[in-house]
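Reader: I have a model open. Show me how to read helix packing and cavities.

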Amino acid sequence: MKKKIEILAPAKDLIQGIAAINSGADAVYIGAPLYGARSNATNSVEDIAELVKYAHLFNAQVFVVINTILYDNELENCRQLIWKLYDIGVDALIIQDMAIMEMELPPIVLHASTQANNRDADKIKFLADAGIKRVVLARELNLHQIKEISEASDVELEFFVTGALCVSFSGNCYMSVANGERSANRGSCAQNCRLPYNLIDGNGDTLIKNSHLLSIKDFDVSNQIPNLVEAGIVSFKIEGRLKDIVYVKNNVSYLRQKLDSFLNENSDKYTKASSGKCTYLFDSSLDKSFNRGYTDYFVNERHQAIGSWESPKSKGQYIGKLIKTVGNSYEIENGELLNNGDGLCFINENNEAEGIYVNRAENGIVYPNVLKEIKEGTFIYRNNDAAFIKLVEREDSAVRKISTTLVLKENENGFELIATDEDGNVSVVSLVHPKEPTKNNESLAENFKINLAKTGFTPYTADEITIEFSGNWFLPISKINEMRRTVYEQLSEIRLKNYVRKEHQLVKTSHPYPETKLDFMYNVANKTARKFYERHGVTEIEKAFELQWDPGKSRVMTTKYCIKYELERCPKYHRENMDKKLKEPLVLKQGELEYKLKFNCKPCEMEIWEKDAEFEIEEDHFH
């Protein structure tokens, strides 16, 4: 059997979910009223039901995110919500908290969220054996590790393909909660990583001033799709439940076209995961979406700087250098690409991002809303492309249609119209009508075809139309149109009725968990999750950070991202710079906020600790 490969798109709400499907998504993920890790992207059960219906028409799936950690008093409410979601036809839930594995649930498929920190083959195999059907992998993994995980168990693997990166291992960032009691694991991250910091060394000297030292570029591994499929990925996930509709349509259409060309070249092994074909009025391009510059992170090991230190804001598309300032206008390389209303961005001499709006653009000369002093040769980016946004926002800029063939033939009592879609569903409409020859016995077949082809706002196209008559019969055009309308309305009902949702009833398991002691980073925040781990042989379980942290002395983040590496002072990768060794501990300071950095060179990780924490500084092992 051919393996289905899927594009999974974010949906902030019903409208964006529908737009994602129309742009070519095979599945969408969306937040429910509660317990999704973006507290400001919630949706009513009624809206989700509407989205499910629309998606299933195209054989696309809807996943609901219930991926916060849960407290004891929320468990029953969460369980009831899950039953409601099952009843409206949701295809799967994306979860973090193991308490859900203990509940009395309907037979709904469960996926382990990236918040569950899925980066070890043995833990992922454990989840698969416990009944999890899909695992959303940690973004830090490389191709080799993904392959290893794929070989260890036959669980479906999902991997992020474009969008923002969390600098921390997902689920293991406590900066926000420690700094203001807004827990990222509970859906209200304050994004402390996107703030500007000063970097101070162990002598108290400031090495870097006012820079976004924990802000990293956005992710793009779209050109790695063939390698990732080869390694075992079946679902490519776009980050962004807080992003706008232009981002969603642009990213989905870009990936749809990329994946389709891969699927066409490998049609013996792989196939599309849903039905229909898309047409677009715009040329999608990732640099036109919100982005902080792109990185492939660690998919091909660590080999480039990944920080976006100047600004956490979107840089956008590179236009060209500033040639010169003329009066109250700028002459910019490739300035003819710019339009009235565009937003431009540049990095000023203090290494900060600044923006201007284009009031008027003519003949490559740009008249800004505010004339700022910009040095000649400065790189100019467009982070708001007014014409592109206007085009993409149009409802008809991405249209998805299911292919059908129509046959109009005669029967005993009159006529019938048969529609057969690309998935083999058949809809038949009969019309009782006398068979009267046309005037002058001329054929109206061409006329009938023209009217049968008018599929308009339906989700269908009539790609082949056959008229099978034994004579040149007359039929009023109004009847032809009515038959066409009815045959397609029926077809939609048939498609929804024939949609098969995968189901899986959880059975309680007790195979051993790969660890017997769990620290706070396992995010156990309720008695039920504790019970789950205990049944699987875990003997010691620390409470979740949210319930027990020691203010001022805690480890608030673990990350693969490394400031020493970014500064080219890594003892492993930058041996040639080790005469300029940094005096540790390095400290990040932002107003009253202060953090210490600890470098664990063996696993190649950096930890961020609060300022009163005590730890030993490791000597590097790479002499």
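Author: We take one helix pair, then the cavities. This is a predicted model, where local features need pLDDT of at least 70, side-chain atom pairs count only at pLDDT 80 or more, and totals for chains, interfaces and linings use all residues. Residues are numbered from 1 along each chain as its sequence is written, and side-chain values use heavy atoms, without hydrogens and water.

Reader: At what angle do helix H2 and helix H11 pack?

Author: Two packed helices are described by the angle between their axes and the distance between the axes. Axes are lines fitted to C-alpha atoms, for helices over the stretch in contact, and angles run from 0 to 180 degrees between N-to-C directions. Helices are DSSP runs (H or I, at least four residues), and strands are too (E, at least two), numbered from the N terminus. Here H2 (residues 45–57) and H11 (residues 477–498) pack at about 100°, with axes 9 Å apart. They are therefore roughly perpendicular (65 to 115 degrees).

Reader: Which residues meet?

Author: Contact means heavy atoms within 4.5 Å. Lys53, His56 and Leu57 of H2 meet Ser492, Arg495 and Leu496 of H11.

Reader: How many cavities are there?

Author: A cavity is a set of points on a 1 Å grid, over the protein atoms alone, where a 1.4 Å probe fits but cannot get out; lining residues have an atom within 4 Å of a point. Grid points are joined across faces, edges and corners, and a volume is the space filled by probe spheres set on the points. The count is 4 cavities of 30 Å³ or more. The largest has a volume of about 130 Å³. Its lining has 14 residues, with Cys562, Cys570, Asn600, Cys601 and Cys604 nearest its centre.

Terms used
Parallel < 35°, antiparallel > 145°, perpendicular 65-115°, else oblique. 1 Å grid on protein atoms, 1.4 Å probe; cavity = no way out; pocket = protein on both sides within 12 Å on 5 of 7 lines; lining within 4 Å.
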